[in-house]
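Work through the exercises below with the model open. Try each task before reading its solution.

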Amino acid sequence: MVAISLLLGFAFLQKDVDPLRLPIGPKGEITLQPGEIVDTRTGAKATIADIVGAADGKGFVFLGESHTNPEHHKFQARVIESLAAKRPVVVGFEMFTRPVQDELNPWTMGWYTQDEFIEKSDWKHQWGYDFNLYKPIFDVTRDQHIPMVALNIPRPWVHMVGTQGYGGLTADQKAQLPTDLGALNPVHREVFNAMIGGGHPGSTTSLGHMYEAQVLWDQAMADSALKYEMAHPQPSDGVFVVVAGSGHVMYRQGINYRIWKRTGQSGVTVVMVDEDGPVTVSKGLGDFVYCAGRETKQ
């Protein structure tokens, strides 16, 4: 797997630039404690009800996680459940690739046992993290019969671009993707550079391919969400929740940026961080930031 795969776990190779404190978006910083949610727009402590309220009238909610922190997934489950209590919800997952789409909703309809769902969705190879980390989310989608969407593209495509650039994709693969894969977003590149660390070894060409792979990832997942909405029109008050690694939504420059660019819909971005003590973040990191202690990790 190319080095960019480290971004999946919100793992940073170097800390010379703190990715959580970039001067992007609203000026200023906020400090929060483990267990706290902060509304970055006001600096005030917030609740899940505040997140749900902020999403009123919005078509998207982006939940950026650290993959191995179980508290993040419990938090995501509570947000999804609270949204579903007020309006129709669809949940899209970075964890699944498009080819397994047909195996997701039999779970939400109660047709699969948990073991059948794990097997038929190919969880071990699709994602590989402990299923129990994500079980709180899947329990909510099943109990509430919430449609699930596989957002990701086959991982070999990302690997190919990460090593050879967009030119490594076949004509058939390109036909399944947006045409503006290489659309420039200098702010997103700034976030990417901070995540991989300024001293990351590699040639300009190899780093360029890594960045192209990250753009492909974000652009393709946004494309999957929008294609689902076109094929399955949602009620006017419906909301599409995106569950993905924080690196794909930070500073509203990843999946959220790509959706905004194509639709004009900004949505609500919630970024989850994990620190044992106080953590200081940029106000621009997301609309809300939730902190869970590192000691909760498995």
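**Exercise 1. A bridge between loops**

Is R252 buried, exposed or partly exposed?

Solution. R252 has a relative accessibility of 26%, so it counts as partly exposed. The classes are buried (under 20% relative accessible area), exposed (over 50%) and partly exposed in between, with a 1.4 Å probe and protein chains only. This is a predicted model, where local features need pLDDT of at least 70, side-chain atom pairs count only at pLDDT 80 or more, and totals for chains, interfaces and linings use all residues. Residues are numbered from 1 along each chain as its sequence is written, and side-chain values use heavy atoms, with hydrogens and water left out.

Now find the salt-bridge partner of R252.

Solution. The partner is D287, and the closest N and O atoms are 3.0 Å apart. A salt bridge here is a side-chain nitrogen of Lys or Arg within 4 Å of a carboxyl oxygen of Asp or Glu. Next, place both ends. R252 lies in the loop between β7 (239-245) and α11 (255-263), and D287 lies in the loop between β9 (279-282) and β10 (288-292). The pair therefore ties together parts that are 35 residues apart in sequence. Helices (H or I, at least four residues) and strands (E, at least two) are DSSP runs, numbered from the N terminus. Last, check D287: at 11% relative accessibility, D287 counts as buried.

**Exercise 2. More salt bridges**

How many salt bridges does the rule give? Examine the D39 and D139 pairs.

Solution. The count is 12. Side chains of opposite charge can pair when their charged atoms come close.

- D39 pairs with R41 at 2.8 Å between the closest N and O atoms. D39 is buried at 10% relative accessibility, whereas R41 is exposed at 52%.
- D139 pairs with R142, with closest N and O atoms 3.4 Å apart. D139 and R142 are three residues apart in helix α6, so about one helical turn separates them. D139 is buried at 18%, and R142 is partly exposed at 27%.

Bridges can also join up: R98, D223, K227 and R262 are linked in a network.

**Exercise 3. Aromatic pairs**

Classify the ring pairs F117–F138 and W123–F131.

Solution. Start with the rule. Rings of Phe, Tyr and Trp (its six-membered ring) pair if their centres lie within 6.5 Å; planes under 30 degrees apart are stacked, over 60 edge-to-face and the rest tilted. The structure holds 19 such pairs. For F117 and F138, the centres are 5.3 Å apart and the planes lie at 80°, so the pair is edge-to-face. This pair links distant parts of the chain: F117 is in helix α4 (residues 114-120) and F138 in helix α6 (residues 131-143), 21 residues apart. F117 is buried at 0% relative accessibility. F138 is buried too, with a value of 0%.

W123 and F131 are also edge-to-face, at 5.6 Å centre to centre and 85° between planes. W123 is buried at 3%, and F131 is buried at 6%.

Which cluster do the ring pairs build? Its members are F93, F96, W107, F117, W123, F131, Y134 and F138.

**Exercise 4. Nonpolar cores**

Describe the largest nonpolar core and find its main contributor.

Solution. A nonpolar core is a set of buried Ala, Val, Leu, Ile, Met, Phe, Trp, Tyr and Cys residues joined through side-chain atoms within 4.5 Å. The largest has 52 residues. Those with the most contacts inside this core are L177, L216, F240, I255, I259, V273 and L285. Helix α10 (residues 204-231) gives the largest share, 13 residues. Now inspect F240. Beyond neighbours within four places in sequence, its contacts (heavy atoms within 4.5 Å) include F60, V90, L151 and Y228. A second, separate core has 44 residues, including V91, Y112, W123 and Y290.

**Exercise 5. One side of a helix**

Where do the buried residues of α7 sit around its axis?

Solution. List them: R155, W157, V158, V161 and G162 are the buried residues of helix α7 (residues 155-164). They cover an arc of only 160°, which puts them on the same side of α7. The arc uses directions from the helix axis to the C-beta atoms. G162 has a relative accessible area of 8%. Its C-alpha is 8.0 Å from that of Q214, 52 residues apart in sequence. Just after α7, G165 takes a positive phi of about 85°.
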